[in-house]
Amino acid sequence: MVPAAGIGSRMAADIPKQYLPLHNATVIEWTLRKLLAVQRVRKVVVAVAEHDPHWPQLAISQHPQIVTTGGGAERADSVLAGLGALQGLAQSNDWVLVHDAARPCVQPASINRMIDELHDHPVGGILAVPVADTLKYASPREPADIDKTVDRKRTWAAQTPQMFRYGELLNALQNASGDGFIVTDEASALEHLGVQPRLVVGRTDNLKITTPDDLALAQLILASQSN
Ligand code: C5P
């Protein structure tokens with residue numbers, strides 16, 4: 001399931017970041033090619049904004065394994081809409097991987113390793129990397145002061161894909177939404193139910209494109225991957 005209904009405000013571009021050009025294609029085309037290269041991925045549901053003029057122009061939108069649906073106001077709403085489109089296609093116990101449209105540098109080998117590591121896990125889990133920097137928790141004021149230092153030994157950066165069972169993920173996201181609990185990734189909705197998703201070691205080059213600098217870096221990463 002690929003949420004692709006964001007407007008990418010931090011990119012400050014004329015079009016949403018998933019449609020920006022990147023290494024002879026667009027960001028979202030790279031993302032989808034990577035997912036479709038994973039043999040165990042049967043279908044890819046893409047949630048796009050209402051009246052999105054860019055998506056229908058891409059040939060990949062007609063790919064036989066791709067299903068298109070509408071997105072929502074927040075990322076979690078888009079994921080819920082995507083899961084809704086899987087009704088009838090997915091059984092409650094089937095695994096679903098949610099992957100940001102804005103992470104085109106993910107490697108199919110990482111996804112395969114994640115599926116191998118998690119396929120018999122009771123909850124599921126996420127790709128993530130141990131954080132190299134020392135992280136500071138900031139005061140709410142601007143300019144910010146340091147409130148405290150986070151324990152680096154136990155701090156990881158969450159990435160996608162995030163892999164959970166269809167029924168459990170749907171239930172967790174609906175429950176979070178009902179509670180008004182803000183989720184910025186799927187794992188936090190599962191954590192809110194009291195379960196502990198597994199951290200699967202990913203790669204630091206699976207970056208999420210957020211700013212123009214990220215786009216330049218992704219260009220270099222993709223060029224090195226195709227060598
Ligand atoms: O904004 P952020 O970088 O966290 O977005 C992560 C992913 O979620 C992007 O692929 C974006 O298109 C998607 N998204 C969405 N619906 C929203 C907001 C973000 O599908 N309302």
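The following paragraphs lead from the overall form of the chain to its core, its ligand shell and some particular points of its backbone.

The structure is a predicted model. Its secondary structure comes to 6 helices and 11 strands. Along the principal axes, the C-alpha atoms fit in a box of roughly 50 × 40 × 35 Å. The radius of gyration of the chain is 17 Å, which agrees with the value near 17 Å for a compact globule of 227 residues. Of these 227 residues, 35% count as buried. Among contacts with a separation of 6 or more, 68% join residues 24 or more positions apart.

The interior may be considered next. In soluble globular proteins, nonpolar side chains tend to be buried together. Here the largest nonpolar core has 50 residues, and the members that touch the most others are Val2, Ala4, Val27, Val96 and Leu173. Ala4 illustrates how such a residue is placed. Leaving aside residues up to four places away in sequence, Ala4 touches Gln18, Ile28, Val46, Ala47, Val48 and Ala101.

Ala101 also appears in the surroundings of the ligand, where it is one of the closest residues, together with Pro3, Ala5, Gly6 and Ser78. The shell is made up of 17 residues. By class, 7 of them are nonpolar, 6 are polar and 4 are charged. Strand β1, residues 2-4, and helix α2, residues 75-85, each supply at least two residues of this shell.

The backbone has two cis peptide bonds that deserve attention. One runs from Glu142 to Pro143, with omega near -5 degrees. Pro143 lies in the loop between β8 (136-138) and β9 (146-149). The other runs from Thr160 to Pro161, with omega near 5 degrees. Pro161, by contrast with a loop position, is found in strand β10, which covers residues 156-165.

Two residues other than glycine have a positive phi: Ala12, with a value near 50 degrees, and His51, with a value near 60 degrees. Ala12 belongs to the loop between β1 and β2 (21-22), while His51 is placed in the loop between β4 (44-48) and β5 (66-70). Are these residues buried or exposed? Ala12 is exposed, because 9 other C-beta atoms lie within 10 Å, and a residue with 12 or fewer counts as exposed. His51 counts as exposed as well, because it has 6 C-beta neighbours inside 10 Å.

Terms used:
Residues numbered from 1 in each chain as written. Predicted model: local features only at pLDDT ≥ 70, side-chain atom pairs only at ≥ 80, totals over all residues. Core = buried A, V, L, I, M, F, W, Y, C linked by C-beta atoms within 7 Å. Buried ≥ 20, exposed ≤ 12 C-beta atoms within 10 Å, placed from the backbone. Contact = placed C-beta atoms within 7 Å. Near = placed C-beta within 6 Å. Helix = DSSP H or I, 4+ residues; strand = E, 2+ residues; numbered from the N terminus. Nonpolar A, V, L, I, M, F, W, Y, C, P; charged D, E, K, R; others polar. Rg over C-alpha atoms; globule rule 2.2 N^0.38 Å.
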